[in-house]
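Subject: Handover of a structure and the findings from it

Dear colleague,

I am handing over to you the structure shown below. After it you will find an account of what was found, arranged by topic.

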Amino acid sequence: MAFAAFATTEAQPQATRRKSPIALFLLLPGILYLVLFFLTPLISLILTSLQAPSEFGDIGVYDYAFNWQNYVTVIQDYWPHILRSFGYALLATVFALLFSYPIAYFIGVKARRRPLLQSLLLVLVIAPFFISFLLRTLAWKQILSDESLIITSLKAIGLLGPDAYFAGTPFAVVFGLTYNFIPFMTLPLYTTLERLDTRYLEAGSDLYANSFTVFRKVTIPLSMPGIVAGTLLTFIPAAGDYVNASRDFLGGPDTQMMGNVIEANFLVLLNYPAAAALSIILMAAILVLVGVYVKRSGTEDLL
């Protein structure tokens, strides 16, 4: 019997070794996909960010070099846009969380015993995805314009001054970011809250805790994975957004974000190293902020 057990133990590593080439073969398409569509563009972007102007002086022509000064230059020239991007993204994330949590709680907990109502509310949450992001933003541009029925009515009843306006202001940009990314916050919250065991809430009430204490001590900690996931899904794309803050949509000259600067440098100014350097800075800053946030929230498993 001891010999049989020893033989079985020896056979297991051999079986594992025989399976490992098959596992690597199955992983090969995914690895090739990541190398081709993620690693290769990232390396190209880094190399572009280090380019120097061509010695011939033609606009839009650059030579490969190690010009680290590009990063210093873009930070000096565009630091207000960098701070504005993360400030707008943070505000939009906070507002989206405040609006989305009650919605997700009602759908995932209160409407749990009414499947038809729950399904209908979920459809309403994801309904904006059936309309183009650009069309939704353009619609809000018309609603918030000076000639819209809402703005003219508010001015007529005296709630707004005659010279007041919303389009092209930071309020309009943050409002657009919040509106467009609310589904990204609501769905992860719903997924977490839908699995919430309500017996924990009842136990908190049985221990003479009021509703606010139960919410703070029980509901919030149990829904933290959804909060973290929704925050990441909202903050990351909002920080790099260039549609809402564009002059053609809800933004103005003083609301430009990093996405708008990158677009202008790449498509208008043909300053490819500056656009690439800004892109690298944006990705690095988001990576650091996300890592710190996940570490502090105690949900490292999400990474």
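Phe 171 has a relative accessible area of 47% and is therefore partly exposed. Please note that the model is a predicted one. The ring of Phe 171 pairs with that of Phe 166: the centres are 5.2 Å apart and the planes stand at 45 degrees, so this pair counts as tilted. Phe 166 is likewise partly exposed, because its relative accessibility is 21%, and buried would require a value under 20%. These two rings belong to a cluster in which ring pairs also link Trp 140, Phe 175 and Tyr 179. In total, the structure holds 13 aromatic pairs.

Another of the tilted pairs joins Phe 181 and Phe 184, with 5.6 Å from centre to centre and 50 degrees between the planes. Both residues lie in helix H6, which covers residues 170–194, and they are three residues apart, about one turn of the helix. Their accessibility is not alike: Phe 181 is buried, since its relative accessible area is 5%, whereas Phe 184, at 30%, is partly exposed.

The nonpolar cores come next. In soluble globular proteins, nonpolar side chains tend to be buried together. In this model, the largest nonpolar core comprises 33 residues, and Val 74, Phe 86, Leu 177 and Leu 278 have the most contacts inside it. At least two residues of this core come from each of helix H2 (69–110), H6, helix H9 (224–239), helix H10 (258–268) and helix H11 (272–297). The helix that gives the most is H11, with 10 residues. Leu 278 offers a view of the surroundings: leaving aside residues up to four places away in sequence, Leu 278 touches Val 74, Tyr 78, Met 258, Val 261, Ile 262 and Asn 265. A second core, separate from that one, has 17 residues, among them Ala 96, Tyr 101, Leu 193 and Val 214.

Several loop residues also deserve a mention. Which backbone angles are notable there? Tyr 208 has a phi near 70 degrees, which is a positive value in a residue other than glycine. Tyr 208 is placed in the loop between helix H7 (198–206) and helix H8 (211–222), and it counts as exposed because its relative accessibility is 79%. Leu 270 is not a glycine either, yet has a positive phi of about 60 degrees. The loop that holds Leu 270 runs between H10 and H11, and with a relative accessible area of 26% Leu 270 is partly exposed.

Gln 256 is situated in the loop between H9 and H10. Is Gln 256 buried or exposed? Gln 256 is buried, because its relative accessible area is 14% and the limit for buried is under 20%. The side chain of Gln 256 comes to 2.7 Å from the backbone oxygen of Gly 252. A polar atom of that side chain also lies 3.1 Å from the backbone oxygen of Ala 245. Apart from residues up to four places away in sequence, Gln 256 touches His 81, Arg 84, Ala 245, Ser 246 and Arg 247.

Ala 164 occupies a place in the loop between helix H5 (149–156) and H6. Its relative accessible area of 26% means that Ala 164 is partly exposed. Residues touched by Ala 164, not counting those up to four places away in sequence, are Asp 146 and Lys 155. The C-alpha atoms of Ala 164 and Ile 151 are separated by 8.9 Å, with the two residues 13 residues apart along the chain.

Finally, I turn to charged side chains. Side chains of opposite charge can pair when their charged atoms come close. How many salt bridges does the count come to? The count comes to one salt bridge, in which the side chains of Arg 199 and Asp 197 meet at 2.8 Å, N to O. Arg 199 is exposed, as its relative accessibility is 60%, while Asp 197, at 25%, is partly exposed.

With kind regards

Conventions:
Residues are numbered from 1 along each chain as its sequence is written. This is a predicted model: local features need pLDDT of at least 70, side-chain atom pairs count only at pLDDT 80 or more; totals for chains, interfaces and linings use all residues. Side-chain values use heavy atoms; hydrogens and water are left out. Rings of Phe, Tyr and Trp (its six-membered ring) pair if their centres lie within 6.5 Å; planes under 30 degrees apart count as stacked, over 60 as edge-to-face and the rest as tilted. Buried means under 20% relative accessible area, exposed over 50%, partly exposed in between (1.4 Å probe, protein chains only). Helices (H or I, at least four residues) and strands (E, at least two) are DSSP runs, numbered from the N terminus. A nonpolar core is a set of buried Ala, Val, Leu, Ile, Met, Phe, Trp, Tyr and Cys residues joined through side-chain atoms within 4.5 Å. Contact means heavy atoms within 4.5 Å. A polar contact is a pair of N or O atoms within 3.5 Å; within protein, one must be able to donate a hydrogen and the other to accept it, and residues adjacent in sequence count only if both atoms are side-chain atoms. A salt bridge is a side-chain nitrogen of Lys or Arg within 4 Å of a carboxyl oxygen of Asp or Glu.
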